[in-house]
Amino acid sequence: MAFTIESAQAMFAGSGLASPIPGILANFEELSVEDRLAVLWYAYTETGKSITRAALGAASMALVEGMLNDIKVMSKTEQTQVMFDLAGRVDTPLGRTYGYFSANTKLGFWYQLADWMNEGIVAPIPADYSGSADALLLLEAVKKLDGGQQIQVLRDIVVNMGYDPTVSPKATPKAEDFQLERTEPVVTGLTVEGITDATPLAYFEAMNRDDFEAAIALFVEDGALQPPFQKPIVGKEAIIAYMRSEAQGLNMMPSRGITEYLPDGSKQLKITGKVLTPWFGVNVAMNIAWRFALTAEGKIFFVAIDMLASPEELLNLRPPSYK
Ligand code: 45D
């Protein structure tokens with residue numbers, strides 16, 4: 001076997017620009033909790049308008065309903081405290097419950113709160129608070145991101161709120177977990193310029209049908225999937241659990257790719273294209289690269305999903321030295 005996870009992670013290294021997102025997330029951590037909420041609220045009001053109602057209408061809120069109803073009957077001061085505690089990752093019963101939620105459930109929770117803030121049912125993020133100089137600088141950096149990058153930042157921050165005492169990966173999501181429904185028709189008959197390999201095409205088509213069994217069948221037993229800005233998820237079981245919880249309703253539109261052949265018959269492919277999340281539908285198209293390491297048998301040993309730093313990278317697949 002030619003690949004290790006480490007060598008696969010380094011495939012096509014240097015072929016893209018460094019993403020501004022990790023730096024923005026690190027700077028966010030340095031802010032006071034008050035600043036964090038102010039920055040987030042601003043970023044959300046900018047991007048949140050484009051959330052598609054269709055996806056949310058179909059989403060199940062069963063898991064968060066109890067928590068939301070508790071918050072609804074609190075005084076405004078208590079409500080503000082809950083939000084501060086979540087943003088500050090304080091160890092409270094509510095923070096622990098939140099910590100166990102899937103990413104989509106956490107997003108659904110905040111989405112409902114935002115609605116209630118607009119209706120005056122829940123205390124708004126202090127409107128009279130203007131933010132520190134550092135918060136304003138960060139906000140400027142967030143404004144410069146493209147739409148796909150902005151929603152990635154929002155999502156990452158929402159996912160890391162609350163209190164999570166576990167170090168191990170989350171258990172398989174339950175049926176009552178917050179599920180989103182596809183807002184755009186399934187993409188079929190994909191063609192990817194420069195790619196004839198059956199495996200990645202079968203991967204995209206399976207993912208676009210939410211057929212995670214078919215997608216996982218393309219992996220080797222100890223295969224790995226690395227989501228944007230995360231560590232690899234290793235092993236079929238962990239990957240399919242992750243897909244069920246995070247990849248529901250995504251629309252993947254790969255457009256072009258390149259293949260590098262290795263002496264032992266294995267291959268590495270880089271494919272770029274756009275991905276739509278059911279949260280935003282066609283309102284936000286994320287610029288994405290997939291880097292596949294395929295075994296000589298055509299199985300997926302590793303796939304990394306990268307959020308591109310600029311749309312130019314959709315076309316520039318190789319490092320500058322190759323051109
Ligand atoms: O008051 O091939 C705040 C994989 C606080 C699978 C708030 C993938 C203040 C394999 C929080 C601001 C999944 C890896 C309120 C591909 C406050 C694969 C509310 C990639 C009210 C391609 C904030 C998929 C709210 C990708 C409600 C890249 C914020 C998917 C809501 C990316 C934010 C999906 C939302 C993304 C963000 C979704 C809904 C980035 C959604 C982002």
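A polar side-chain atom of Tyr203 lies 2.6 Å from an oxygen atom of the ligand. The model is predicted. The structure has three cavities of 30 Å³ or more, and the largest of them holds about 850 Å³ of space. The points below cover the ligand, the two largest cavities and the second largest pocket.

**Ligand surroundings**

- There are 29 residues around the ligand, and the nearest are Met117, Ile125, Arg155, Tyr203 and Trp290.
- Besides the Tyr203 contact at 2.6 Å, an N or O atom in the side chain of Trp290 is 3.0 Å from an oxygen atom of the ligand.
- On its own the ligand has 980 Å² of accessible area, and the protein covers 98% of that area.

**Largest cavity**

- The volume of the largest cavity is about 850 Å³.
- Its lining consists of 42 residues, with Leu107, Ile151, Gln152, Arg155 and Trp279 nearest the centre.
- Arg155 is thus named twice: among the residues that come nearest the ligand, and among those nearest the centre of the largest cavity.
- By class, the lining of the largest cavity has 35 nonpolar, five polar and two charged residues.
- At least two lining residues come from each of the helices α3 (33-47), α8 (103-119), α10 (147-159), α11 (198-208) and α13 (236-246), and likewise from each of the strands β5 (285-294) and β6 (300-307).
- Helix α8 gives the largest share of this lining, with six residues.
- Domain 1 (5-15 + 182-322) and domain 2 (21-167) each contribute at least three residues to the lining of the largest cavity.

**Second largest cavity**

- The second largest cavity has about 50 Å³ of volume.
- Its lining is made up of Ile24, Phe28, Val39, Leu40, Ala43, Val142, Val153, Leu154 and Ile157.
- Two or more of these lining residues come from each of α2 (21-29), α3 and α10.
- Helices α3 and α10 also supply at least two residues each to the lining of the largest cavity.
- The lining of the second largest cavity has nine nonpolar residues, with no polar and no charged ones.

**Second largest pocket**

- A volume of about 330 Å³ is found for the second largest pocket.
- Its lining counts 26 residues, and Gly16, Leu17, Arg291, Asp306 and Met307 are nearest the centre.
- The elements with two or more residues in this lining are β5 and β6.
- The largest share, three residues, belongs to β6.
- Strands β5 and β6 are also among the elements that each give at least two residues to the lining of the largest cavity.
- The lining of the second largest pocket divides into 15 nonpolar, seven polar and four charged residues.

Methods
Residues numbered from 1 in each chain as written. Predicted model: local features only at pLDDT ≥ 70, side-chain atom pairs only at ≥ 80, totals over all residues. Heavy atoms only, no water. 1 Å grid on protein atoms, 1.4 Å probe; cavity = no way out; pocket = protein on both sides within 12 Å on 5 of 7 lines; lining within 4 Å. Points joined across faces, edges and corners; volume = space filled by probe spheres on them. Helix = DSSP H or I, 4+ residues; strand = E, 2+ residues; numbered from the N terminus. Nonpolar A, V, L, I, M, F, W, Y, C, P; charged D, E, K, R; others polar. Domains from an automatic or database assignment. Near = heavy atom within 4 Å. Polar contact = N/O pair within 3.5 Å; in protein donor to acceptor, adjacent residues only side chain to side chain. Areas by Shrake-Rupley, 256 points an atom, 1.4 Å probe, with all protein chains shown as cover.
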